[in-house]
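Reader: Could you take me through one part of this model up close? I'd like to hear about a single helix and its surroundings, and then how the rest fits around that.

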Amino acid sequence: MSDWYRDFANSGLGTTITKQLGLPRPAELRRYEPGQPLLPGPAVVGSAGEGRLREEVTGLLRDAGVTVVSPVAADGSTDGERLAAVLLDATGLTGPADLAAAHDFLAPALKRLRPSGRVLVLADPPAETSSPAQAAARQALEGLVRSLAKELRSGSTANLVHVPLGAEASLASPLRFFLSGRSAYVDGQVLAVTTADLPTGEDVDRPLAGKVAVVTGAARGIGAAIARVLARDGAHVVAVDVPAAGEQLAEVANEVGGTAVALDITGADAGPRLAAQLVARHGGVDVVVHNAGITRDKLLVNMDAARWNSVMAVNLQAQLDITQALLDTEGALKPGARVVSVSSQSGIAGNRGQTNYAASKAGVIGMVRSWAPEFAERGATINAVAPGFIVTEMTATMPLGTREVGSRLNSLQQGGLPVDVAETIAWLAQPGSAGVNGQVVRVCGQSLLGA
Amino acid sequence: MAPQTRKAAIVGGNRIPFARSNGAYARASNQDMLTATLDGLVARFGLQGQQVGEVAAGAVLKHARDFNLTRESVLGSRLSAATPAYDVQQACGTGLEAAVLVANKIALGQLESGIAGGVDTTSDAPMALNEDMRRVLLAVNNAKTLQQRLSALAGIRPGQLVPEVPRNAEPRTGLAMGDHAAITAAEWEIGREEQDELTVRSHHNLAAAYDRGFFDDLVTPFLGLTRDQNLRPDTSVEKLAKLKPVFGQGEGATMTAGNSTPLTDGASAVLLASDEWAAEHDLPVLAHLVDAQTAAVDYVHGGEGLLMAPAYAVPVLLARNGLTLQDFDFYEVHEAFASTVLATLKAWESPEYCKEKLGLDAPLGSIDRAKLNVHGSSLAAGHPFAATGGRIVATLAKTLHEAGPGKRGLISICAAGGQGVVAILES
């Protein structure tokens with residue numbers, strides 16, 4: 001689906017008009033394609049205080065083929081190309097005074113940032129210090145990064161990763177994600193990593209090679225995009241959807257070389273049935289994506305029980321039941337399994353007419369956080385992604401005005417694409433993402449709602 | 001050569017919901033439906049780009065352009081283009097006969113895997129030129145000079161513009177199949193109420209099977225149709241009693257549009273394999289095809305009913321396998337007409353018929369009706385001629401698999417031309 005306004009704003013006449021009228025100027029986002037270099041240009045790594053990650057990060061970048069240049073001088077002068085990424089190691093912060101160094105590093109560097117550039121700030125978690133001054137400085141970074149994300153233009157993003165002491169190795173996978181085109185629509189987010197057993201020798205182009213992934217609600221929209229991206233990354237996809245959607249489901253399964261399973265996930269025996277089939281046909285499952293979801297919107301006072309119950313059954317209870325069935329079935333969840341649940345911006349911000357939907361999607365977040373420690377013990381992870389305004393068949397039926405306004409209410413001034421959600425899920429599914437657990441990653445372009 | 005034979009495994013099946021004639025699939029061709037059905041099977045078993053040993057399928061009503069229908073469908077599907085295919089045609093027995101052919105090749109070790117199927121459309125039916133018109137146009141085509149051409153064209157008469165439309169009638173008797181079935185129904189004194197009762201059971205069984213998700217891995221929706229268009233879950237003997245008879249004459253006419261199968265469009269396919277191939281591909285074995293038998297009767301001069309051939313085939317099959325008619329857990333008797341099923345069961349119960357016609361010392365006896373067509377049959381699902389065999393094989397195989405190992409099922413399908421195909425499956 002094309003974004004006519006974005007295309008207009010980037011045309012010759014459109015550039016003039018939108019600039020003069022001060023209208024939003026959404027950019028063409030840099031999105032991932034296999035074989036693409038991690039960054040389209042050089043990166044710069046700076047620090048605020050005596051941090052511990054600068055060398056580690058520089059090494060990771062060089063390994064990924066990125067040219068790392070020296071910090072830009074205060075007057076902005078440099079001989080090199082414009083920057084594709086600006087990384088700040090803020091693990092050395094001891095108090096608010098150290099934040100000035102962050103400003104001094106970032107300000108000149110950002111002037112040289114290319115379109116679809118990346119700003120990534122790395123810090124210790126604020127909770128992991130007994131010093132109020134240090135906690136204040138660490139927390140201050142959230143305000144800095146979130147504001148910066150709103151200031152950046154031309155499709156650039158800014159995100160913050162919390163790296164506790166000892167979890168340095170877990171940084172590699174989020175670092176690659178946030179710098180790459182995979183994170184095109186993830187902006188203004190705070191992610192925490194933990195220590196984990198990390199695999200070695202991952203194929204960055206096909207990180208899911210040899211893995212089996214089950215995706216619910218795979219017949220269309222975001223689910224179909226998830227199936228495509230997981231298959232592109234090497235997984236055999238078991239595509240699940242309701243029997244009535246079987247025709248499109250078969251098309252998706254055939255397109256991605258996967259397997260179609262027609263199943264009503266709210267059925268009493270759905271979990272055991274799916275688990276049994278995954279064991280018998282595929283020897284268990286590595287990646288579980290709970291994507292199936294429905295909306296039955298009405299103001300709460302006018303909502304009947306059927307609307308409430310059906311949304312809860314599909315969006316929340318089925319996720320609980322299927323996950324539990326997989327945990328209970330011997331051999332169903334393979335070692336190092338990844339579960340990713342699709343939540344929603346509505347579950348965080350709330351939405352008029354969606355008490356049922358928002359409740360179910362908030363519930364998903366509670367479920368993920370509650371299960372995370374148990375999954376960690378198994379060497380597995382469970383995370384949620386919360387999409388914002390994603391352009392799908394469903395949004396195409398919205399009235400033009402509502403759709404146009406809705407899609408612009410974020411820092412990237414455009415709606416996301418199903419593939420943006422899919423890329424985030426595929427990243428969480430990677431073996432190398434073992435240190436990302438119990439997290440909620442919003443794919444919303446830093447939406448103004450619920451921020 | 002394989003020194004010993006082995007039993008072919010039924011791995012699973014797929015069909016599209018069956019549509020009533022000129023209904024949901026009015027614009028779909030045989031090739032469209034068979035290709036979609038193969039693709040649904042490919043998706044279910046992850047066979048994209050894979051070479052299956054052979055695909056055998058067919059249609060009863062075929063266009064001239066459908067001379068290589070199955071191979072063309074394979075080429076349009078997601079199977080490897082290196083998958084050979086051939087067409088089979090044995091009227092309503094086509095689907096089961098195709099399954100037997102594939103199973104036999106697997107049994108002999110000539111194939112490791114194969115797909116059997118069938119498709120039919122009564123909506124997108126072929127129409128032929130009037131025979132006189134065809135001769136005129138052939139003459140025009142063969143003419144060498146303009147004068148010859150004009151003189152040939154001068155032979156056209158308005159009456160020749162009327163096309164030839166296929167009819168559901170026996171070429172040698174001119175009677176519709178329903179008229180033949182009505183004769184048999186009258187002979188066997190099959191009552192209206194028992195026919196309607198059988199019909200209601202078929203609808204209720206099929207609806208219940210859909211409701212409990214039994215068909216989730218047997219059916220793939222097509223062109224917006226998710227269940228068989230003919231299915232009437234809320235039908236009842238009272239409702240069916242209101243229908244007027246359409247076959248048979250006068251007071252004794254009992255056969256209505258309700259207790260006869262309607263003209264239907266649809267397709268089905270079954271994946272068969274050796275046990276080894278199934279294991280290598282991590283695919284299930286629902287059941288094995290144990291044995292099969294065909295028979296034919298002289299309905300033109302021999303005084304036998306058109307659709308009674310299965311009555312003859314079954315005792316031969318039972319004798320060869322050392323079984324009695326009661327040694328089965330499930331029976332799938334194709335419901336061409338409710339009266340056909342009832343006449344066949346009655347024939348097996350009749351000492352005279354079994355002695356005089358079938359040459360048996362004792363009647364085959366009766367069956368437990370609770371084991372008959374437990375997931376519905378053609379009266380409810382509809383009957384796209386060549387697709388019925390595949391529907392029944394896959395349905396029975398799954399039924400047996402659900403019931404557990406060592407269960408046995410009997411399939412009986414009658415066909416035009418006085419033929420019958422029967423088979424035994426075992427889980």
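Author: Here is a walk through one helix of chain A, followed by its wider setting and a few spots in both chains.

Keep in mind that this is a predicted model. The part I'd pick is helix α8 of chain A, which covers residues 246-255. Is α8 enclosed or open to the outside? Of its 10 residues, 8 are buried, so the helix is largely enclosed by the rest of the structure. The buried ones are A:G246, A:E247, A:L249, A:A250, A:E251, A:V252, A:A253 and A:N254. Since the cut-off for buried is 20 or more other C-beta atoms within 10 Å, that label is about crowding around each residue.

So what do those buried residues pack against? Within chain A, the partners are α7 (221-232), β8 (236-241) and β9 (259-262). Chain B joins in too, with its helix α1 (30-45) packing against the buried residues of α8(A). Just past the end of α8(A) sits A:G257, with a positive phi of about 65°.

That link to chain B is a good reason to look at the interface. The contact between the chains takes 18 residues from chain A and 17 from chain B. On the chain B side, those residues split into 5 nonpolar, 6 polar and 6 charged.

Now step back to the chain that holds α8. Chain A has 15 helices and 13 strands. Its radius of gyration is 22 Å, close to the 22 Å that the globule rule gives for 451 residues, so chain A is as compact as a globular protein of that length. The C-alpha trace spans about 65 × 50 × 45 Å along its principal axes. Across the 451 residues of chain A, 51% count as buried. Looking at contacts in chain A with a separation of 6 or more, 78% come from residues 24 or more positions apart.

If you like checking backbone torsions, chain A has two non-glycine residues worth a look. A:S154 has a phi near 55°, a positive value, and is found in the loop between α5 (132-151) and β5 (157-162). With 15 C-beta neighbours inside 10 Å, A:S154 counts as partly exposed. A:Q446 also has a positive phi, about 55°, although it is not a glycine. This residue lies in the segment after β13 (440-443), and A:Q446 has 23 C-beta neighbours inside 10 Å, so it counts as buried.

Over in chain B, helix α2 (residues 69-76) has B:L69, B:T70, B:S73 and B:V74 as its buried residues. They cover an arc of only 135° around the axis, which puts them on the same side of α2(B). What they pack against is α1, β3 (55-58) and β4 (85-87) of chain B. Recall that α1 of chain B is also a packing partner of the buried residues of α8(A).

Last, a helix pair in chain B. The axes of α4 (residues 131-142) and α5 (residues 146-153) come within 8 Å and cross at roughly 175°. Angles over 145 degrees count as roughly antiparallel, so that is the label for α4(B) and α5(B). Where they meet, α4(B) brings B:V136, B:A139 and B:V140, while α5(B) brings B:R149, B:A152 and B:L153. By class, this contact has 5 nonpolar residues, no polar ones and 1 charged.

Note on methods: Residues numbered from 1 in each chain as written. Chains lettered and ligands numbered in written order. Predicted model: local features only at pLDDT ≥ 70, side-chain atom pairs only at ≥ 80, totals over all residues. Helix = DSSP H or I, 4+ residues; strand = E, 2+ residues; numbered from the N terminus. Rg over C-alpha atoms; globule rule 2.2 N^0.38 Å. Buried ≥ 20, exposed ≤ 12 C-beta atoms within 10 Å, placed from the backbone. Contact = placed C-beta atoms within 7 Å. Nonpolar A, V, L, I, M, F, W, Y, C, P; charged D, E, K, R; others polar. Arc of directions from axis to C-beta. Axes fitted to C-alpha atoms, helices over the stretch in contact; angles between N-to-C directions. Parallel < 35°, antiparallel > 145°, perpendicular 65-115°, else oblique.
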